[in-house]
Amino acid sequence: MATGQVITTNGKKIILDRTYNASPTRLAPSQFSVGTGTTTPSLADTGMETVVAINGGNLKDFVSSYPVLDVTNLQATIRCLLNSLEANGNALTEFGIFNKDGTPLMFNHTVFTSITKNSSTEISFVEKDKIV
């Protein structure tokens, strides 16, 4: 199984649009998705390889009060939570961040070592994006 993380081409378009357009046409990332795909993330990714439903849908909002922006360290932190009732019975291996455009755009895609999700497990994903 491959692992890794990329900011997708659509993610880079979101960054450019929201940085340089006085009236951006793309919304900021604010929701996440999980899946069971194992293919190495690619710049061209537009969705999860094998999405897992979260409460009947494919996307869930970030934990409230996130993202947190640290302008001193040029870092944004997001937190996403799967509670004990969500995505159960799956060996999760991928995570992605999306915006809420009419067709949500994938900002980034991560593939990781499997985490088994069941009703006795809550999973908190914390992502820190830093400008270097």
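Which residues does Asn108 touch, not counting residues up to four places away in sequence? Hold that thought for a moment while the ground rules go by.

This is a predicted model, in which local features need pLDDT of at least 70 and side-chain atom pairs count only at pLDDT 80 or more, while totals for chains, interfaces and linings use all residues. Residues are numbered from 1 along each chain as its sequence is written, and side-chain values use heavy atoms, with hydrogens and water left out.

**Stop 1: Asn108**

Select Asn108, in strand β8. Strands here are DSSP runs of E, at least two residues, and helices are runs of H or I, at least four residues, numbered from the N terminus. Now show what Asn108 touches: Gln5, Val6, Ile7, Thr8, Phe95, Gly96, Ile97 and Glu127, leaving aside residues up to four places away in sequence. Contact means heavy atoms within 4.5 Å.

Zoom in on Glu127, whose side chain makes a polar contact with the side chain of Asn108 at 2.6 Å. A polar contact is a pair of N or O atoms within 3.5 Å; within protein, one must be able to donate a hydrogen and the other to accept it, and residues adjacent in sequence count only if both atoms are side-chain atoms. Asn108 is buried, at 0% relative accessible area. Buried means under 20% relative accessible area, exposed over 50%, and partly exposed in between, with a 1.4 Å probe and protein chains only. Add Asn10 too: Asn108 and Asn10 are 98 residues apart in sequence, yet their C-alpha atoms are 8.4 Å apart in space.

**Stop 2: zoom out**

Switch to cartoon for the whole protein. You should find one helix and nine strands, running β-α-β-β-β-β-β-β-β-β along the sequence. The radius of gyration is 15 Å, close to the 14 Å that the globule rule gives for 132 residues, so the protein is as compact as a globular protein of that length. That radius is taken over C-alpha atoms, and the rule is 2.2 Å times the number of residues to the power 0.38. The C-alpha trace spans about 45 × 30 × 30 Å along its principal axes, and 35% of the 132 residues count as buried. Among contacts between residues at least 6 apart in sequence, 69% join residues at least 24 apart.

**Stop 3: strand β7**

Select residues 90-98, which make up β7; seven of its nine residues are buried. Bring in β2 (residues 31-35), which pairs with β7 in the antiparallel sense over five bridges. Two strands pair if DSSP finds at least two bridges between them. To line them up, look at Gly35, which stands opposite Glu94. Then add β8 (residues 106-117), antiparallel to β7 over eight bridges, with Ala91 opposite Thr116.

**Stop 4: the nonpolar core**

Which residues touch the most other members of the largest nonpolar core? Select Phe32, Val34, Cys80, Leu82, Leu92, Phe95 and Phe125, out of 18 residues in that core. Such a core is a set of buried Ala, Val, Leu, Ile, Met, Phe, Trp, Tyr and Cys residues joined through side-chain atoms within 4.5 Å. The elements giving it two or more residues are β2, β6, β7, β8 and β9. Center on Phe125 and you'll see it touching Val34, Ile78, Arg79, Cys80, Leu82, Phe95 and Phe112, not counting residues up to four places away in sequence.

**Stop 5: the open sheet**

Color β5, β6 and β9: they form an open antiparallel sheet in the order β5-β6-β9. β5 (68-70) and β9 (123-130) stand at the edges with a single partner strand each, so one side of each is left without a neighbour in the sheet. Between β5 and β6 (residues 75-82) there are three bridges, and Asp70 has Gln75 as its bridge partner.

Leu69 sits in β5 and is exposed, at 64% relative accessibility. Leu69 touches Gln75 and Ala76, not counting residues up to four places away in sequence.

**Stop 6: backbone oddities**

Most residues other than glycine have a negative phi, and most peptide bonds are trans. Go to Tyr66 and Pro67: the peptide bond from one to the other is cis, with omega near 10°. Pro67 is in the loop between β4 (60-61) and β5. That loop also holds Ser65, with phi near 75°; Ser65 is exposed, at 60%.

Last, pick Ala87 in the loop between β6 and β7. Phi of Ala87 is positive, near 60°, and Ala87 counts as buried at 7% relative accessibility.
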